[in-house]
Amino acid sequence: MAEIVIKNVRKEFGDFVAVKESSFTIEDGEFFMLLGPSGCGKTTTLRMIAGLELPTSGEIFLDGEEIGQRPPSQRDIAFVFQMFALYPHMNVYKNLSYPLVSQGMPRAQVRAKVDEVTTILGIKDILKKPVGGLSGGDRQRVALGRAIVREPKAFMMDEPLGALDAEFREHMAEELRALHDRMGATTVYVTHDQLEAMQMGDKIVVMNNAVVEQFGKPQDIYDMPASMFVADFIGSPSMNFLNLNGKVEPGDTEIHLNNQRMSVPTLREGASGDLVFGVRPEHIHLSSDGDYRGRVLATEYLGTTQIVTLDTPNGEIKARIASDQPASVGETVGLGFNGQTVTLFDKASGRALRSELNEGVLAHG
Amino acid sequence: MSAFSITEPSQRSKWVAGSLVIVYALITMIPLAWIMLTGFKSPSDAISYPPKVVFEPTLEGYVNLFTTRTRQTQDFLDANPPQNWADEIVREYDMVIVGPSKFGERFLNSVIIGFGSTFLSIFLGTLAAYAFSRFKIPLADDLLFFILSTRMMPPIAVAIPIFLMYRNLGLSDTHLGMILLYTAVNISLAVWLLKGFIDEIPREYEEAALIDGYTRFQAFYKVVLPQAATGIASTAIFCLIFAWNEYAFAVLLTSATAQTAPPFIPTIIGVGGLDWPAVAAGATIFLLPVMIFTILLRKHLLRGITFGAVRK
């Protein structure tokens with residue numbers, strides 16, 4: 001259907017900069033997630049693609065055509081709003097047919113299209129109902145239906161599951177992903193929920209403070225975060241940060257953490273001063289021996305795994321270990337880190353140091 | 001002990017509240033009921049003391065309201081028998097009907113000016129309110145305050161400048177002049193009320209319409225207006241009531257052509273003694289359009305007043 005290229009797009013509201021020069025590419029048929037905390041500029045970016053906001057500067061290409069300054073009606077992009085925004089004075093059928101009526105489509109054809117969409121979404125039996133009395137899920141389906149009925153080049157979705165309760169959200173997320181796989185339409189999806197982003201997205205853009213922090217596949221972003229913000233934002237519990245002060249050179253494969261040598265992926269760049277040793281909770285092992293030790297502060301039982309909070313010489317960390325492995329509060333245990341998964345960060349800039357592990361990912365991020 | 005909840009009023013408080021409302025309604029309705037009754041009384045019944053609640057109804061007041069009559073000699077009356085029931089009523093006073101009164105014409109003026117200015121106020125007010133609500137307008141707050149400030153003095157305070165201005169512009173005693181005047185007074189109310197209503201309508205509805213391929217104006221017309229119907233209806237009632245009832249400017253600025261009903265009705269008193277039944281009949285008929293309009297829009301009005309209190 002469509003490839004979307006965002007090039008140096010910037011948006012200001014008066015003195016406030018909502019989005020700083022951002023660039024990324026959404027490939028044809030991708031399910032693309034815009035992820036970030038509230039106020040990071042992700043919704044503004046989405047609205048700029050849809051044409052509800054016009055960029056202050058920069059370009060947006062849809063299938064090679066520059067559309068940055070066009071009104072939404074000339075972009076052929078559909079939008080699913082967080083609060084659904086179904087037309088409250090119309091019934092389901094009218095809501096679904098409204099985008100087609102604006103194109104001047106003949107009545108019979110409109111009927112056929114709506115019929116097709118309601119079959120896909122399983123909402124045939126509510127066509128005559130006013131939208132006011134519908135359940136959250138049905139409203140969501142009607143909102144989706146209104147978006148897909150005119151077969152646009154791309155879909156924009158602004159936290160479409162945010163208004164649903166937790167239980168139903170999961171179900172709807174699956175339905176949405178299945179719908180996307182079936183239609184293969186380029187979809188841009190805004191969320192602040194990192195789990196949702198990882199679960200549904202082909203690719204993720206992580207935004208913070210109006211800036212694109214990282215852009216890539218969910219697993220790449222999880223395993224090789226480009227910044228401390230991304231490392232912290234993605235994953236639950238988030239990545240552990242162990243503070244250290246030292247100097248590293250390109251080619252180093254070890255660093256010193258509280259006088260213990262820890263292996264790291266071969267570094268491609270050097271740095272000195274305050275550094276951060278970042279390790280995911282599941283890459284920490286607890287053992288009775290080991291020279292680097294920590295004291296267990298708390299344990300949380302999660303079924304198959306447990307989260308153990310430990311006090312170490314370099315700060316508090318959380319480890320995810322099998323729930324059958326013993327760990328009791330107050331005990332001091334040895335800690336091992338899976339060296340090949342570690343990311344080093346420069347503390348002042350928050351940026352990840354390039355290494356054997358992440359150089360491929362950071363190159364385009 | 002019966003079950004009760006904090007939010008649901010008890011039977012007793014419902015009963016008390018209900019009775020209070022009924023008592024209040026009765027008290028406010030007594031003058032109206034009295035006017036309506038007086039319209040069907042004979043002049044002597046109308047001024048009798050103690051006041052008569054039970055009386056023999058007559059249409060004399062209505063006949064006097066709608067006709068002009070003249071006293072005739074007995075010879076003339078004998079030579080010309082009454083033509084219809086209205087003639088018979090005036091014969092009792094040795095009079096004959098010589099033509100319609102000005103009341104119909106004045107009433108029509110009221111309708112033209114009242115509804116005309118209401119329509120114009122709502123039309124302009126909705127557009128302005130939408131602009132204030134949705135677009136970034138330089139000095140929007142100051143402009144809104146300025147619009148409101150036109151209501152900070154009684155309109156009659158500017159009667160003399162307006163009188164002079166209208167005389168020079170040739171707007172005195174014209175329908176257009178009165179429509180413009182009432183619109184000028186009502187527009188501030190309309191803009192403020194409607195802005196409140198439009199603010200309550202989520203922008204997403206229009207944005208959805210824009211995405212669905214409609215222009216900004218189509219989105220306004222097809223999506224915002226139906227949503228604002230409640231607010232528009234209640235604002236229209238307020239505007240109509242003001243324009244319909246306005247007396248002071250009407251006395252000052254209208255006479256032969258554009259005179260509305262309010263300044264006309266008191267002039268009935270002067271014709272052939274204090275004709276209270278005719279005045280009461282005029283007042284009753286004058287009340288009807290606003291009453292009908294309000295009853296038609298009652299559902300909207302009630303929703304309109306409480307609109308926005310609870311977010312749906």
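Guide: Axes here are lines fitted to C-alpha atoms, for helices over the stretch in contact, and angles run from 0 to 180 degrees between N-to-C directions. This is a predicted model: local features need pLDDT of at least 70, side-chain atom pairs count only at pLDDT 80 or more, and totals for chains, interfaces and linings use all residues. Residues are numbered from 1 along each chain as its sequence is written, while chains are lettered from A and ligands numbered from 1 in the order in which they are written.

Visitor: OK, at what angle do helix 1 and helix 14 of chain B cross?

Guide: Helices are DSSP runs of H or I, at least four residues, and strands are runs of E, at least two, numbered from the N terminus. Take residues 11–38 and 276–296 of chain B: the axes of these two helices come within 7 Å, and they cross at roughly 120°.

Visitor: Which residues of helix 14 of chain B meet helix 1 of chain B?

Guide: The two helices are oblique (neither under 35 degrees, roughly parallel, nor over 145, roughly antiparallel, nor 65 to 115, roughly perpendicular). Helix 1 of chain B brings Ile35(B), Met36(B) and Thr38(B). Those meet, from helix 14 of chain B, Trp276(B), Pro277(B), Ala280(B), Ala283(B) and Thr284(B).

Visitor: Over in chain A, which residues of helix 5 does helix 4 meet?

Guide: The axes of helix 4 (residues 136–148) and helix 5 (residues 166–183) of chain A come within 11 Å and cross at roughly 20°. That makes helix 4 of chain A roughly parallel to helix 5 of chain A. From helix 4 of chain A come Gly136(A), Gln140(A) and Ile148(A), among others. In helix 5 of chain A they meet Phe168(A), Met172(A) and Met183(A).

Visitor: What share of chain A is buried?

Guide: Chain A has 9 helices and 20 strands, and its C-alpha trace spans about 75 × 45 × 35 Å along the principal axes. A residue is buried if 20 or more other C-beta atoms, placed from the backbone, lie within 10 Å of its own, exposed if 12 or fewer, and partly exposed in between. Of the 365 residues in chain A, the buried share is 43%.

Visitor: Is Ser355(A) buried or exposed?

Guide: Ser355(A) sits in the loop between strand 20 (343–346) and helix 9 (359–363) of chain A. Away from its neighbours within four places in sequence, its contacts (C-beta atoms within 7 Å) include Pro265(A), Leu267(A) and Leu344(A). Because Ser355(A) has 23 C-beta neighbours inside 10 Å, it counts as buried.

Visitor: Which helix gives the most to the largest nonpolar core?

Guide: A nonpolar core is a set of buried Ala, Val, Leu, Ile, Met, Phe, Trp, Tyr and Cys residues joined through C-beta atoms within 7 Å. The largest has 145 residues, and Met156(A) and Val205(A) have the most contacts inside it. With 13 residues (its run is 216–245), the top giver is helix 11 of chain B.

Visitor: And which helix gives the most to the side of chain B that touches chain A?

Guide: Here 14 residues of chain B are in contact with 16 residues of chain A. On the chain B side, the elements giving two or more residues are helix 10 (203–211) and helix 11. With 6 residues, the biggest share comes from helix 10 of chain B.

Terms used. Two residues are in contact if their C-beta atoms, placed from the backbone, lie within 7 Å.
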